[in-house]
Amino acid sequence: MPHPEREWKTQNTFQKSRLFRRVSVVQTIVVAVWLMLPAYVPNNAAVLLGGGTPVDFGREWRGDRVLGDGKTWRGGAAGVGAGFALAVLLNAAVTQSYVPDFLPAFEMRAAFGLAFGAVLGDMGASFLKRRTGRERGAPFPGVDQLDFVVGAFAVTVVVAPDWFFENFTAGVVVAVFVLTPVLHVTTNLIAYRLGLKDEPW
Ligand code: CTP
Ligand code: MG
């Protein structure tokens with residue numbers, strides 16, 4: 001004999017759980033972008049404010065530049081400063097009622113780790129690019145999109161391990177690795193179209 005009430009209940013629970021899962025996926029994505037903002041802006045700040053003395057001072061290693069003219073002290077400092085400053089602003093925002101409760105604040109060490117790590121990761125990628133015969137500005141698919149993520153994670157996990165594991169849950173980490181290349185390609189294309197960058201990557 002059918003149990004219409006039980007069926008309805010099952011259906012209702014199912015819908016609830018699907019809705020619940022959908023909400024938590026969106027929430028995970030929002031948290032991932034929020035947490036990575038201090039690691040995302042350094043690249044853009046370096047493009048806008050960089051220039052001057054290269055980090056490697058023009059030195060070569062095995063016949064190629066160590067890092068190349070695309071990595072400057074001013075760009076690096078601007079990147080770290082911009083990323084850290086953004087984290088401070090986001091910390092001020094989390095105390096406001098219009099910011100959802102699930103968005104976390106940044107420990108000062110974490111703010112520094114994310115920004116500094118992003119800049120370091122970008123330089124690490126340039127180092128690899130020069131070792132593999134790629135000229136300044138040459139694309140290195142995959143590496144260009146994720147170098148700063150790896151750098152930011154590596155430095156933050158060392159300087160603020162408790163904060164890192166509390167906030168970068170497995171789901172958030174997956175979201176970061178999936179979303180960042182998409183966001184990176186989009187913003188670089190915009191920067192290129194605006195004439196801020198020489199190449200669209
Ligand atoms: N930039 C800078 N200092 C940094 C990083 C970037 O001055 N530490 C500036 C440079 O003008 C650089 C531009 O931002 O040309 C774009 O950055 P990026 O694409 O990372 O450098 P590329 O010029 O492509 O050099 P590379 O091949 O080494 O990545
Ligand atoms: Mg480049």
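These legends accompany close-up views of a predicted model.

**View 1. Ligand 1 and the residues around it.** Welcome to the ligand site, a good place to begin. The space that ligand 1 takes up is the largest pocket. Three elements each give two or more residues to the shell around the ligand: α1 (4–49), α2 (73–94) and α3 (108–131). Of these, α3 gives the most, with five residues. In total, 19 residues surround ligand 1, and the closest are Lys71, Thr72, Ser126, Arg136 and Gly137.

**View 2. Polar contacts to oxygen atoms of ligand 1.** Here we zoom in on individual atom pairs. A backbone N or O atom of glycine 137 lies 2.8 Å from an oxygen atom of the ligand. A polar backbone atom of glycine 51 is found 3.3 Å from an oxygen atom of ligand 1. Lysine 197 takes part through its side chain, with a polar atom 3.4 Å from a ligand oxygen. How much of ligand 1 does the protein bury? Taken alone, the ligand exposes 570 Å², and the protein buries 87% of that.

**View 3. Helix α3 and lysine 129.** This view follows the helix from end to end. At 1.5 Å a residue, the 24 residues of α3 should span 34 Å, and the end C-alpha atoms are 34 Å apart, so the expected and modelled spans agree. Lysine 129 has its place in this helix. Is lysine 129 buried or exposed? Its relative accessibility is 8%, and because the cut-off for buried is under 20%, lysine 129 counts as buried. The side chain of lysine 129 reaches the backbone oxygen of alanine 138 at 3.0 Å. After α3 comes glycine 133, which has a positive phi, near 75°.

**View 4. Helix α4 and its buried residues.** Another helix, another quick check of length. Helix α4 covers residues 143–159, 17 residues in all, so at 1.5 Å a residue it should span 24 Å; its end C-alpha atoms are 24 Å apart, which agrees. Which residues of α4 are buried? They are Asp144, Gln145, Asp147, Phe148, Val149, Gly151, Ala152, Phe153, Val155 and Thr156.

**View 5. Valine 178 on helix α6.** Valine 178 has its place in α6, which runs over residues 170–193. With a relative accessible area of 55%, valine 178 is exposed, because the cut-off for exposed is over 50%. For a sense of distance, look across to methionine 123: the two residues are 55 apart in sequence, and their C-alpha atoms are 22 Å apart in space.

**View 6. Glycine 50 and phenylalanine 57 in the loop between α1 and β1.** Glycine 50 is found in the loop between α1 and β1 (60–61). At 25% relative accessibility, glycine 50 counts as partly exposed. Although glycine 50 and alanine 77 are 27 residues apart in sequence, their C-alpha atoms are 8.6 Å apart. Phenylalanine 57 lies in the loop between α1 and β1 too. Its phi is positive, about 50°, although phenylalanine 57 is not a glycine. Most residues other than glycine have a negative phi.

**View 7. Arginine 62 in the loop between β1 and β2.** Our last stop is a loop between two strands. Arginine 62 lies between β1 and β2 (64–65). What is the phi of arginine 62? The angle is positive, about 55°, although arginine 62 is not a glycine. With a relative accessible area of 73%, arginine 62 is exposed.

Technical notes: Residues are numbered from 1 along each chain as its sequence is written. Chains are lettered from A and ligands numbered from 1 in the order in which they are written. This is a predicted model: local features need pLDDT of at least 70, side-chain atom pairs count only at pLDDT 80 or more; totals for chains, interfaces and linings use all residues. Side-chain values use heavy atoms; hydrogens and water are left out. Helices (H or I, at least four residues) and strands (E, at least two) are DSSP runs, numbered from the N terminus. The expected span of a helix is 1.5 Å times one less than its number of residues. Buried means under 20% relative accessible area, exposed over 50%, partly exposed in between (1.4 Å probe, protein chains only). A residue is near a molecule or strand if one of its heavy atoms lies within 4 Å of it. A polar contact is a pair of N or O atoms within 3.5 Å; within protein, one must be able to donate a hydrogen and the other to accept it, and residues adjacent in sequence count only if both atoms are side-chain atoms. Accessible areas come from the Shrake-Rupley method with a 1.4 Å probe; for residues, only the protein chains shown count as cover. On a 1 Å grid over the protein atoms alone, a cavity is a set of points where a 1.4 Å probe fits but cannot get out, and a pocket is an open set with protein on both sides within 12 Å along at least five of seven lines; lining residues have an atom within 4 Å of a point. A molecule sits in a cavity or pocket if more than half of its atoms lie within 2 Å of its grid points.
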